[in-house]
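Have a look at the sequence and the model below. Then we can walk through the fold piece by piece.

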Amino acid sequence: MSVEAIPSDDVPAEELRFNFLSGRLCLAFVATVGERRRGKYERLRRPADLARWYQEAEVLDAPITITSGGLETARALREAIYRPAQRLVSGLTPAAEDEEVINAAAAFPPLVPVLRSGTARLNPPPTGAERAALSTLARDAIDLFTHVDAARIRECAGPECGLLFVDTSRPGRRRWCSSAACGGKDRAAAYRRRKRAQ
């Protein structure tokens, strides 16, 4: 399932960059759609974009070949992760059809963990790299949705943002995906309102 994409000429280049503010791999994958509340632009426009996301997310060291069909499958999984996460924010349980999509992706063997220079990395298996990468994302979603952290999934309060993230703050009252980005915009807007009211 693809998101209705704004033409690339209408989206500033910096908005097409991937962000990793979510605190979980599966939610960072969901963030490959920008401004879900307003613009809904697609960051995974071509198979090469997904291959680049895997590397920037440090899922894989080396690029893998992504097919057009693999990109569509990845987009469908992304939306099947987004909807349950959104429902959990609202205190609802995931829909069965989304669970089926996630479970189907998770059924394939995931990426293979390896130890390299004292750190854990993930490698694709000899065959089925596309499915293995998606299985890893689906398994991360299952882990998150069934863990105590599911109650800490939040949606950024920024009026244009809507990024989903895991609130790891001690009090659990974080409102923005980033205090510097959306939080800063909110504080600046509040300051301007106060100045106008004087």
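## Starting at Pro47

Is Pro47 buried, partly exposed or exposed? At 24% relative accessibility, Pro47 counts as partly exposed, because buried would need a value under 20%. Keep in mind that this is a predicted model.

Pro47 lies in helix H2. Setting aside neighbours within four places in sequence, its contacts are Ile66, Thr67, Ser68 and Leu71. Take Ile66: Pro47 and Ile66 are 19 residues apart in sequence, yet their C-alpha atoms are 5.2 Å apart in space.

## The overall layout

Zooming out, the protein has six helices and six strands. Along the sequence they come in the pattern α-β-β-α-α-α-β-β-α-β-β-α. Buried residues account for 41% of the 198 residues.

Contacts reach across the sequence too. Of those between residues at least 6 apart, 59% join residues at least 24 apart.

## Helix H2 and what follows

Back to H2. Which of its residues are buried? They are Asp49, Leu50, Ala51, Trp53 and Tyr54, and the buried residues of H2 pack against H1, H3 and H5. Tyr54 is worth a click: leaving out neighbours within four places in sequence, Tyr54 is in contact with Val59, Leu60, Ile64, Ile66, Ala133, Leu134 and Leu137.

After H2 comes Glu58, in the loop between H2 and H3. The phi of Glu58 is near 60°, a positive value in a residue other than glycine. Glu58 is exposed, with a relative accessible area of 56%.

## Another positive phi

Glu35 is not a glycine either, and has a positive phi of about 45°. You'll find Glu35 in the loop between strand E1 (33-34) and strand E2 (41-42). So is Glu35 buried or exposed? At 17% relative accessibility, Glu35 counts as buried, since the cut-off for buried is under 20%.

## How H3 and H5 pack

Two packed helices are described by the angle between their axes and the distance between the axes. For helix H3 (residues 68-89) and helix H5 (residues 129-145), the axes come within 11 Å and cross at roughly 5°. H3 and H5 are therefore roughly parallel to each other, as angles under 35 degrees count that way.

Who makes the contact? From H3 come Gly70, Leu71, Thr73, Ala74, Leu77, Ile81, Pro84, Ala85 and Leu88, and from H5 come Glu130, Leu134, Leu137, Ala138, Ala141 and Phe145. Sorted by class, the H3 contact with H5 has twelve nonpolar, two polar and one charged residues.

## The nonpolar cores

In soluble globular proteins, nonpolar side chains tend to be buried together. Here, the largest nonpolar core has 39 residues, and the members touching the most others are Leu27, Leu50, Trp53, Tyr54, Leu77, Ile81 and Phe145. Helix H1 (25-30), helix H2 (47-56), H3, helix H4 (96-106), H5 and strand E6 (164-166) each supply at least two residues of this core. Which element gives the most? That would be H5, with nine residues.

There is also a second, separate core of eight residues, which includes Cys156, Cys161, Phe165 and Cys182.

## Cysteines, and a serine before H1

With several cysteines in that second core, you might ask how many disulfides the structure has. A search of the whole structure finds zero. Two of the cysteines to look at are Cys26 and Cys156: Cys26 is buried, with a relative accessible area of 0%, and Cys156 is buried, also with 0%.

Last stop: Ser22, in the segment before H1. Ser22 is buried, with a relative accessible area of 1%. Not counting residues up to four places away in sequence, Ser22 touches Leu27, Ala28, Leu163, Leu164, Phe165 and Val166. Two names on that contact list turn up in the cores as well: Leu27 is among the members of the largest core that touch the most others, and Phe165 is in the second core.

How values were computed:
Residues are numbered from 1 along each chain as its sequence is written. This is a predicted model: local features need pLDDT of at least 70, side-chain atom pairs count only at pLDDT 80 or more; totals for chains, interfaces and linings use all residues. Side-chain values use heavy atoms; hydrogens and water are left out. Axes are lines fitted to C-alpha atoms, for helices over the stretch in contact, and angles run from 0 to 180 degrees between N-to-C directions. Helices (H or I, at least four residues) and strands (E, at least two) are DSSP runs, numbered from the N terminus. Angles under 35 degrees count as roughly parallel, over 145 as roughly antiparallel, 65 to 115 as roughly perpendicular and the rest as oblique. Contact means heavy atoms within 4.5 Å. Ala, Val, Leu, Ile, Met, Phe, Trp, Tyr, Cys and Pro count as nonpolar, Asp, Glu, Lys and Arg as charged, and the others, Gly among them, as polar. A nonpolar core is a set of buried Ala, Val, Leu, Ile, Met, Phe, Trp, Tyr and Cys residues joined through side-chain atoms within 4.5 Å. Buried means under 20% relative accessible area, exposed over 50%, partly exposed in between (1.4 Å probe, protein chains only). A disulfide is a pair of cysteine sulfur atoms within 2.5 Å.
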